[in-house]
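Colleague: Could we go through this model together? I would like to hear how each label is earned.

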Amino acid sequence: MIKTVQPANSLIGELHLPPDKSISQRAAIFSLLHDGVSVVKNYSPAQDPQSTLSCVQQLGAEVEKADGQLKIKGTGRDGLKKPVKDLDCGNSGTAMRLLSGVLTGAGISAKLIGDPSLSARTMKRIIDPMEAMGAHILARNSQYAPLFINRIDALKPMKYELPIPSAQLKSCVLLAGLFGDEPTQVIEILPSRDHTERLLNLDQKMVQHRKIISASREDVIPEQSYTIPGDFSAAAFWLVAAAIQEKAELVLKNIGLNPTRNALLDILKDMGADIAIENEHNEGAEPAGDIVVRQSSLKALDIDPKMIPNCIDELPIIAVAMLFAEGSSVIAGAEELRHKETDRIMAMAKMLKAVGADFEEKEDGLIIHGNPDFTFEQATFESFHDHRIAMSAAVLSLKSRKECKIRDAESAAVSYPGFWEDLGLVAKG
Ligand code: S3P
């Protein structure tokens, strides 16, 4: 589907954003592992969380949908069923990587499949530790889905230092560890999103600036009854859209504010954005609040590479902010972006090129020479079937002089099914 986006003169309104994708997917998987019923309020209707939900149903969870909430009856760790069909993870790396940990731990044999984008993303990072824990995994070219997972040998708990700061990898190893008689320890050097350790209430300690998280059969898997907050990664598009737009004021209601996720707030504030947080509270184990953002004058920023894991999904839209900031900004140490739903460094470079921006593409990031008065006539953007690229292109389109077109715009539904309606609500020409 091609979407046409008109230039905007103002962005005003209040938005209720989709429920957090990462937390929704964990709520489904952890409810499966909980021995009892969880009532999850505000589960995400987006494609990725729905893929995860249908996988956990195949593994034995009983799901009832009523009044905007899900009642999930889990099987407990020992009651998981062998699925009769392939587990289809759709576009979701989180589903494929976290479920690989569950299958390895439980010793259930199954085949995990994904769409063409997911089948082109390396799974080597989880195959290695899962095989070290006793799994046998057959993968296309030894690293791509479909994955056939099986474990005949005994589960081998282990001490695992994360070679990359990835929450999916961390969660995969911890989930397998939950089935072990001895603890599995994951050692994290740079913090990545910590929803798994929070929602499972796992033991965590800091030793010489490294976080050590432990999981074993001793851990009771808590009931997952809570309300899922709005997705900070969805809020990111509006934070940047309003900061670079004249006559802008947006109120984003009940957004997840987990500190391992929201480095974008610090980045935008350091760039000079007018952002305020109101009504801070907790939604279960996760902090949340309303965010108010207004038109701002942005200046350039070099992002500290240590912050990259805490804004990894927001980097495409950060690149758009940088284009409208005074001076040269740097994103470095972000090679991981080349392994997302698409190669996001390539995709952003193509987007910036389409509008005639002054920038340099690096192997691990971008240097963007910005200008608050930057504008362009019109453009047709490729989204490479990547939800975050499609939505970044939409925000950029609001700053054009004539209408722009975005290809494969339906991909926004992977995380944000109502994105195009919300755009129509707040953007005025
Ligand atoms: C996610 C972790 C991140 C992120 C992805 C969701 C998660 O991936 O990019 O969108 O839910 O754990 P990595 O763990 O591969 O960095």
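Colleague: Which residues in α11 are buried?

Modeller: His387, Arg388, Ile389, Ala390, Met391, Ser392, Ala393, Ala394, Val395, Leu396 and Ser397 are buried in α11. Before we go on, this is a predicted model: local features need pLDDT of at least 70, side-chain atom pairs count only at pLDDT 80 or more, and totals for chains, interfaces and linings use all residues. Residues are numbered from 1 along each chain as its sequence is written, and side-chain values use heavy atoms, with hydrogens and water left out.

Colleague: What makes helix α11 mostly covered?

Modeller: Eleven of its eleven residues are buried. Buried means under 20% relative accessible area, exposed over 50%, and partly exposed in between (1.4 Å probe, protein chains only). Helices are DSSP runs of H or I with at least four residues, strands are runs of E with at least two, and both are numbered from the N terminus; α11 covers residues 387–397.

Colleague: Why is Glu278 called partly exposed?

Modeller: Its relative accessible area is 40%, which falls between the two cut-offs, so Glu278 is partly exposed. Glu278 sits in strand β16 (residues 274–283).

Colleague: What makes β6 and β8 edge strands?

Modeller: In the open, mixed sheet the order is β6-β7-β9-β8. The strands β6 (87–88) and β8 (136–140) each pair on one side only. Two strands pair if DSSP finds at least two bridges between them. β8 and β9 (residues 144–150) have five bridges in the antiparallel sense, so they count as a pair by that rule.

Colleague: Now the ligand. What makes the approach of Arg26 a polar contact?

Modeller: A polar contact is a pair of N or O atoms within 3.5 Å; within protein, one must be able to donate a hydrogen and the other to accept it, and residues adjacent in sequence count only if both atoms are side-chain atoms. A polar side-chain atom of Arg26 is 2.6 Å from an oxygen atom of the ligand, so the pair qualifies. For Asp313 the distance from a polar side-chain atom to a ligand oxygen is also 2.6 Å, and for an N or O atom in the side chain of Thr94 it is 3.2 Å.

Colleague: How do you know that the ligand lies between domain 1 and domain 2?

Modeller: Domain 1 (3–19 + 229–428) and domain 2 (21–215) both give residues to the shell around the ligand, so the ligand lies between them. Those domain bounds come from an automatic or database domain assignment.
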